Amino acid sequence: MAEVAASWFNARSLLDGAELKEIYQHERPEDDGWLYPEQVIAHGQSTESTVTIPDELRYRYAEVGRPTPLTRATALERHLGTSCQIWLKREDLLPNGSFKITSALPQAHYGAAEGRRSVVTETGAGQTGVAAALASCLSGLACEVFMVRSSFDDKPLRRRLMEAYGAVVHASPSDTTAAGRRFLERGEEAGSIAMATSEVFDVLRGREDGMNIAGSLLDFTLLYASLIGIETVDQLRAVGVDPDVAIGCVGGGSSFGGFAFPLLDAFPEAEIVAVESASIPTLTAGRYVFDHPDGEGDAPPIKMYSLGFDYRPPPMHASGLRYHAASPLVSAFVHSGRMKAEAYDEPEAMEAGLLLARLQGLVISPESTYTLLAAIRRAEQAGPGRAIVALVTGSGHLDLDAYGRFLTPA
């Protein structure tokens with residue numbers, strides 16, 4: 001078995017002092033102690049290039065299946081008639097079905113060590129909720145999840161998996177919190193990640209021993225997810241490949257950032273591409289401003305690309321992309337031109353996912369179909385001998401209803 005990396009990679013170390021000062025001028029980490037463990041907050045503030053992973057966590061990572069494999073999509077290459085290499089980083093093989101456990105495990109670990117007893121978190125497509133439920137039970141914590149109502153209804157298997165791990169799951173907006181009741185009174189029943197976050201804040205303000213497990217956006221989630229990119233760098237080097245292009249999808253940005261920043265550091269000549277849905281074009285049509293990460297405007301503002309905290313995203317198959325903003329770190333690198341952003345339409349993305357399923361038997365999450373579509377477009381346009389590495393953030397096995405609705409629309 002390959003060994004888990006000894007350290008996380010810190011993307012903040014790639015920014016100079018002026019950039020850090022600009023992005024984090026409103027940062028008040030001392031205000032976040034009611035949400036996150038002190039060690040997690042400290043990791044989010046660090047500017048060291050690497051942060052050591054405790055041995056206990058390295059063992060836990062190995063238990064859940066890290067490192068994940070890097071595989072070549074040879075059948076897809078043949079179908080496209082391309083001489084490009086297309087490599088897939090396979091986060092879909094983790095037991096919870098997505099990359100999210102990589103960040104959830106250390107958050108729960110440090111929370112338990114600090115004496116926290118329960119986790120309350122938000123989830124869109126359900127991937128964060130499943131990861132939080134698994135990380136909580138492995139660390140001896142109770143878990144409560146506010147799941148965006150559209151996903152609660154459309155993705156019952158994700159909800160059942162959370163419950164199998166011992167979590168209590170609410171459809172959000174719910175009538176159990178003041179924020180949820182306000183959303184329901186305004187007729188906003190479909191919900192969004194931002195609304196679910198507001199409900200989580202309501203609960204945690206009255207719970208001294210509780211904590212949140214953040215699924216995305218915040219710097220420490222990218223730090224912990226950097227294992228994805230660290231592994232990918234080692235795996236590419238092992239097969240003698242320097243990638244020309246690295247591609248990942250962006251909802252809040254943690255999987256993309258965790259994947260992309262170590263690659264940017266190791267292969268500075270590579271083109272780094274963040275892909276999003278044209279239905280929620282945060283990086284391609286949003287404003288680079290200070291904005292709130294929640295749906296009520298209660299949380300401190302963060303500098304990032306945003307469509308506005310009161311933006312209400314439309315329903316879509318790739319519900320993990322239904323967020324109004326993107327990670328401050330990813331936003332800064334897109335804004336400076338060191339990373340690119342592209343938006344694609346969902347029907348084309350889902351068709352790309354079905355193509356991969358039929359060529360290679362690999363059913364990926366609807367979110368990852370956007371990444372795959374971008375990889376196919378690059379392979380069709382690229383010159384001979386180029387190498388593309390694409391991040392598969394999760395499995396589509398719990399999203400088969402979404403594929404079914406796409407294949408047989410009402």
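This briefing describes the sheet, two helices, the nonpolar cores and the salt bridges of the structure above. The model is a predicted one. Its four-stranded open sheet has parallel pairing, its largest nonpolar core holds 91 residues, and the count of salt bridges comes to 26.

**The parallel sheet and the helices across it**

- Four strands make up an open sheet in the order 7-6-5-8, and the pairing among them is parallel.
- Strand 7 (168-172) and strand 8 (210-211) stand at the edges with a single partner strand each, so one side of each is left without a neighbour in the sheet.
- Strand 5 (residues 118-123) runs parallel to strand 8 and is joined to that strand by two bridges; Val-119 has Met-211 in strand 8 as its bridge partner.
- As general background, the strands of a sheet pair through backbone hydrogen bonds, in either a parallel or an antiparallel manner.
- Helix 6 (residues 127-138) lies across strand 5 and strand 6 (142-148), and the helix runs at about 165° to strand 5.
- Helix 10 (residues 193-204) lies across strand 5, strand 6, strand 7 and strand 8, running at about 160° to strand 5.

**Helix 8**

- The buried residues of helix 8 (residues 156-164) are Arg-158, Arg-159 and Met-162.
- Viewed down the axis of helix 8, these buried residues fall within an arc of 100°, so they line one face of the helix.
- The elements that cover the buried residues of helix 8 include strand 5, helix 6, strand 6, helix 7 and strand 7.
- Gly-166 follows helix 8 and has a positive phi, near 100°.

**Helix 3**

- In helix 3 (residues 55-64), the residues Leu-57, Arg-58, Arg-60, Tyr-61 and Val-64 are buried.
- Seen down the axis of helix 3, its buried residues fall within an arc of 160°, so they line one face of the helix, whereas Asp-55, Glu-56 and Tyr-59 are exposed on the other side.
- In general, an α-helix has 3.6 residues a turn, so residues three or four places apart point the same way.
- Cover for the buried residues of helix 3 comes from elements including strand 1 (7-9), helix 5 (101-114), helix 6 and helix 11.
- Helix 3 is followed by Gly-65, whose phi is positive, near 110°.

**Nonpolar cores**

- Of the 91 residues in the largest nonpolar core, Trp-8, Phe-261 and Met-339 touch the most other members, and the largest share of this core, 10 residues, comes from helix 11 (residues 219-238).
- Not counting residues up to four places away in sequence, Met-339 touches Phe-256, Ala-260, Phe-261, Leu-264, Ile-272, Phe-333 and Val-334.
- Another core, of 31 residues, lies apart from the largest one, and among its members are Ile-86, Val-275, Ala-352 and Ala-379.
- As a general tendency, nonpolar side chains in soluble globular proteins tend to be buried together.

**Salt bridges**

- Arg-338 forms a salt bridge with Glu-19, with the closest N and O atoms 2.5 Å apart.
- Arg-338 lies in the loop between helix 14 (328-335) and strand 13 (340-344), while Glu-19 lies in helix 1 (residues 17-23), so the pair ties together parts that are 319 residues apart in sequence.
- Arg-338 counts as partly exposed at 32% relative accessibility, and Glu-19 likewise counts as partly exposed, at 22%.
- The side chains of Arg-116 and Glu-114 meet in a salt bridge with an N to O distance of 3.0 Å; Arg-116 counts as buried at 10% relative accessibility, whereas Glu-114 counts as partly exposed at 35%.
- Arg-405 forms a salt bridge with Asp-154, the closest N and O atoms being 3.9 Å apart, and this pair links distant parts of the chain, with Arg-405 in helix 17 (residues 400-407) and Asp-154 in helix 7 (residues 149-154), 251 residues apart.
- Arg-405 is partly exposed at 33% relative accessibility, and Asp-154 is partly exposed with a relative accessible area of 34%.
- Arg-66, Lys-89, Glu-91 and Glu-231 are joined into one network by salt bridges that share partners.

Key. Residues are numbered from 1 along each chain as its sequence is written. This is a predicted model: local features need pLDDT of at least 70, side-chain atom pairs count only at pLDDT 80 or more; totals for chains, interfaces and linings use all residues. Side-chain values use heavy atoms; hydrogens and water are left out. A salt bridge is a side-chain nitrogen of Lys or Arg within 4 Å of a carboxyl oxygen of Asp or Glu. Buried means under 20% relative accessible area, exposed over 50%, partly exposed in between (1.4 Å probe, protein chains only). Two strands pair if DSSP finds at least two bridges between them. Contact means heavy atoms within 4.5 Å. Axes are lines fitted to C-alpha atoms, for helices over the stretch in contact, and angles run from 0 to 180 degrees between N-to-C directions. The arc is that of the directions from the helix axis to the C-beta atoms. A nonpolar core is a set of buried Ala, Val, Leu, Ile, Met, Phe, Trp, Tyr and Cys residues joined through side-chain atoms within 4.5 Å.
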